[in-house]
Amino acid sequence: MLRILVLTMASLAGFVPGHSIAMETLRVLAWPGYADEDFVRRFEERTGARVEVTFVGTDDALWDKISQPGEHPFDVFAVNTAELQRYIDAGLVRAIDPAGIPNVKRQLPQFQARDRIPGLLRDGRLFAVPYAYAEMGLIYDRRTVTSPPDSISVLWDPRYRGRVLAYDGGTHNFSLAAMRLGKPSPFRYRAGDWTAAIEQLIALRRNVLTFYSLPEESVELFRDNSVSILFANYGTQQLQLLRAAGADVGYVIPREGALAWLDCWAVTTGGKSPALAMKWISFMLEPEASHALTTRHGLNNTLQAPADEGANSGRLVWLEPVEDSVRRAELWHRIISGERAVGLK
């Protein structure tokens, strides 16, 4: 089951003098670490607004929340560049005028060159602002894994059956299967590719202890079980959390490469506070908030280059839109539900 943590934070500020209406509310949908409570409070104090934050753990859950907004739609949300395309196609995000977000000028040159980042623009218009990025490497327990793993195939290694943690997401897991099978692209399945990939993922299901959604969940599972290998969907964020918890762990980029994501802030078309959403994005690009991504959560921010920049650049596989995200999600749900390959072909 998807685990979604909801955290609502309301400021104690009263009404604006001379007004009898309630304060404006900003509804934010984000990944863990993107809206820490102290920064939410500062934003509330600065704007006089009320902020409600919902944390989400998978791309599928993110899509459900934005595409089926209900009575109280979100105003701003964090999404990776590959997933952004489906939101643009569905008319769920607004075009953004960067002039309304002053702090984009603080970003590193490569993030200000928005026309060079695939997925940010459509017909010359900007639809999201880069915020955080990381690669999905492998974390291993130094006590039980004597030699650092050099391939994603370690996730399927029978020596570690029941001691592997993997991520609960159809899109990324089908990409992993394609990489293990040596397919030309992990994002483009052809008609004849699905059967082998399904068999790979059923084998993965049988080898893992379980699948996690949130980084904190993976740390708890790692700590409370005899886990040897962890597919780090959140990359160095999980590495930092595990080391803070006292785990003796290493981190590697496999020889096949590591999927890498760039998360951005986007403004919804259905939200009620688009102007406040723009202020939120600019606020989160201030140095203190952006640097907290790195110092607190182990993620790269768009204001400062990482210390090891370039070390793994040739082995990063930046996410792209996939051929059919709906099919991947539906097949993945059936796979983890226990269906055999014959029922999925």
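The legends below walk through several close-up views of one predicted model.

The model is predicted, so local features here need pLDDT of at least 70 and side-chain atom pairs count only at pLDDT 80 or more, while totals for chains, interfaces and linings use all residues. Residues are numbered from 1 along each chain as its sequence is written, and side-chain values use heavy atoms, with hydrogens and water left out.

**View 1. An open five-strand sheet, ordered E10-E9-E11-E8-E12.** The pairing in this sheet is mixed. Helices (H or I, at least four residues) and strands (E, at least two) are DSSP runs, numbered from the N terminus, and two strands pair if DSSP finds at least two bridges between them. E10 and E12 (249-252) sit at the edges with a single partner strand each, so one side of each has no neighbour in the sheet. From one strand to the next, the twist averages 25°. Angles run from 0 to 180 degrees between N-to-C directions, and axes are lines fitted to C-alpha atoms, for helices over the stretch in contact.

**View 2. Strand E9 and its partners on either side.** E9 (residues 164-167) is covered on both faces: Val164 and Ala166 are buried on one side, Leu165 and Tyr167 on the other. Buried means under 20% relative accessible area, exposed over 50%, and partly exposed in between (1.4 Å probe, protein chains only). As general background, side chains in a regular strand alternate between the two faces of the sheet. E9 runs parallel to E10 (residues 210-212), with three bridges between them, and Ala166 has Phe211 of E10 as its bridge partner. E9 is also parallel to E11 (residues 229-231), this time through two bridges; here Leu165 is partnered by Leu230.

**View 3. The antiparallel pairing of E8 with E11.** Three bridges hook E8 (residues 138-141) up with E11. Look for Leu138, which stands opposite Phe231 of E11.

**View 4. Helices H8 and H10 crossing at roughly 50°.** The axes of H8 (residues 236-244) and H10 (residues 287-297) come within 8 Å. That crossing makes H8 oblique to H10: angles under 35 degrees count as roughly parallel, over 145 as roughly antiparallel, 65 to 115 as roughly perpendicular and the rest as oblique. On the H8 side, Thr236, Gln237 and Gln240 make the contact, and on the H10 side Thr294, Thr295, Arg296 and His297 do. Contact means heavy atoms within 4.5 Å. Sorted by type, the contact residues come out as no nonpolar, six polar and one charged. For that tally, Ala, Val, Leu, Ile, Met, Phe, Trp, Tyr, Cys and Pro count as nonpolar, Asp, Glu, Lys and Arg as charged, and the others, Gly among them, as polar.

**View 5. What covers H8, and what follows it.** Gln237, Gln238, Leu239 and Leu242 are the buried residues to find in H8. Their cover includes E8, E10, H7, E11, E12 and H10. After H8 comes Gly246, with a positive phi near 95°.

**View 6. Helix H9, mostly covered.** Of the eleven residues in H9 (residues 274-284), eight are buried. Among them are Trp280, Ile281, Ser282, Phe283 and Met284.

**View 7. Two buried polar or charged side chains in helix H3.** Gln85 is located in H3 (residues 81-89) and counts as buried because its relative accessibility is 14%. A polar atom of the Gln85 side chain lies 2.7 Å from the backbone oxygen of Gly119. Setting aside neighbours within four places in sequence, Gln85 is in contact with Gly119, Arg122 and Pro321. Glu83 is in H3 too, buried at 6% relative accessibility. With the neighbours within four places in sequence left out, Glu83 touches Asp59 and Thr171.

**View 8. Ser213 and Val56, a pair of buried loop residues.** Ser213 lies in the loop between E10 and H7 (215-224), and at 3% relative accessibility it counts as buried. Val56 is in the loop between E3 (50-55) and H2 (59-67), with a relative accessible area of 0%. The two are 157 residues apart along the chain, yet their C-alpha atoms are separated by 8.6 Å. Leu29 is 27 residues from Val56 along the chain, with 7.1 Å between the C-alpha atoms.

Key. Polar contact = N/O pair within 3.5 Å; in protein donor to acceptor, adjacent residues only side chain to side chain.
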